[in-house]
Amino acid sequence: MKIRWLGHACFLVENKRKIIIDPFLTGNPLAPVKPSDVGVDAVLVTHGHGDHLGDAVEIARNNDCPVVAIHELSRILGEQGIEAVGMNIGGTATVSDVAVTMVKAFHSADYEGERGIISAGDPAGFVVEMDGKRVYHCGDTDVFLDMELIGELYSPNVMLVPIGGWYTMGVKEAVKAVELVKPEIAIPMHYNTFPVIEADPEEFKKEAENRVEGVRVVILKPGEHVEI
Ligand code: NI
Ligand code: MN
């Protein structure tokens, strides 16, 4: 399984199937690709904030593929003529042959569109399973103790962790999050896209690898990938 970072909170997870999570490409100064370059079987969106929903509708249209989101956000997206798959926290949906589990995130969410700013359900994270390997995308969140349950229930091989602070947890909280989940590999995200979320991924790597036995922190540049 390949996990490619496309900047901010956007990742491509691919094996026999290809999915994209939180495709914020247009307007992201660090995005290495354009929405029209993306070929996928499904789009996953953790919450309605613009830096996560991003180009989801355009990518779904281009690929004639579904967008998966929490029920309320899926209803808003479904009005735009795409296939929107609504689910909720704790549930597992099979989408384009990929098992997608929605998990908690400790954050907020809204949606900005033709009707102005409207509420769009709770924010979420995802555990994606493909060919026996599992990736946990935390979404935007602070650390919370139930992350230990997510680790216990789903044993993610890879954890995608926000470290930028201000809108999400920063390095200190992210290290604790890795300690609770205990993945094999942790990849930092949601940092250095904008000045207010500046963070040092090397500091995160040093602290997490010191504190959590068996974890390897892999720092990617936008466009780079890991293979597991
Ligand atoms: Ni957010
Ligand atoms: Mn965000």
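How far apart are the manganese ion (ligand 2) and the nickel ion (ligand 1), and which residue coordinates both? The two ions are 3.4 Å apart, and the residue that coordinates both is Asp140.

## Basis of the model

This is a predicted model, in which local features need pLDDT of at least 70 and side-chain atom pairs count only at pLDDT 80 or more, while totals for chains, interfaces and linings use all residues. Residues are numbered from 1 along each chain as its sequence is written, chains are lettered from A and ligands numbered from 1 in the order in which they are written, and side-chain values use heavy atoms, with hydrogens and water left out.

## The metal site

The nickel ion (ligand 1) has as its protein donors His47 (NE2), His49 (ND1), His107 (NE2) and Asp140 (OD), which lie 2.2 Å from it; donors are N, O and S atoms within 2.8 Å of the metal (3.2 Å for Na, K and Ca), and since water is not among the atoms, sites may look incomplete. Around this ion the four donor atoms subtend angles of 90 to 173 degrees, which makes the arrangement irregular, a label for anything that is neither tetrahedral (four donors, all angles between 85 and 135 degrees) nor square planar (four) or octahedral (six), where opposite donors are over 155 degrees apart and all others between 65 and 115.

The manganese ion (ligand 2) is coordinated at 2.2 Å by Asp51 (OD), His52 (NE2), Asp140 (OD) and His190 (NE2), and its donor residues follow the sequence spacing D-H-x87-D-x49-H. Asp51 and His52 are buried, as are the nickel donors His47 and His49, where buried means under 20% relative accessible area (1.4 Å probe, protein chains only).

## Helix H3 and the nonpolar core

In helix H3 (residues 71-78), the residues Leu73, Ser74, Ile76 and Leu77 are buried; helices (H or I, at least four residues) and strands (E, at least two) are DSSP runs numbered from the N terminus. Seen down the axis of H3, these buried residues fall within an arc of 160 degrees, so they line one face of the helix, the arc being that of the directions from the helix axis to the C-beta atoms.

The largest nonpolar core, a set of buried Ala, Val, Leu, Ile, Met, Phe, Trp, Tyr and Cys residues joined through side-chain atoms within 4.5 Å, has 81 residues, and those with the most contacts inside it are Tyr136, Met147, Ile187 and Phe204. Helix H5 (residues 171-181) gives the most to this core, with seven residues.

## The chain as a whole

The secondary structure comes to six helices and 16 strands, and buried residues make up 54% of the 228 residues in the chain.

Notes: Buried < 20%, exposed > 50% of the residue type's maximum accessible area, 1.4 Å probe, protein only.
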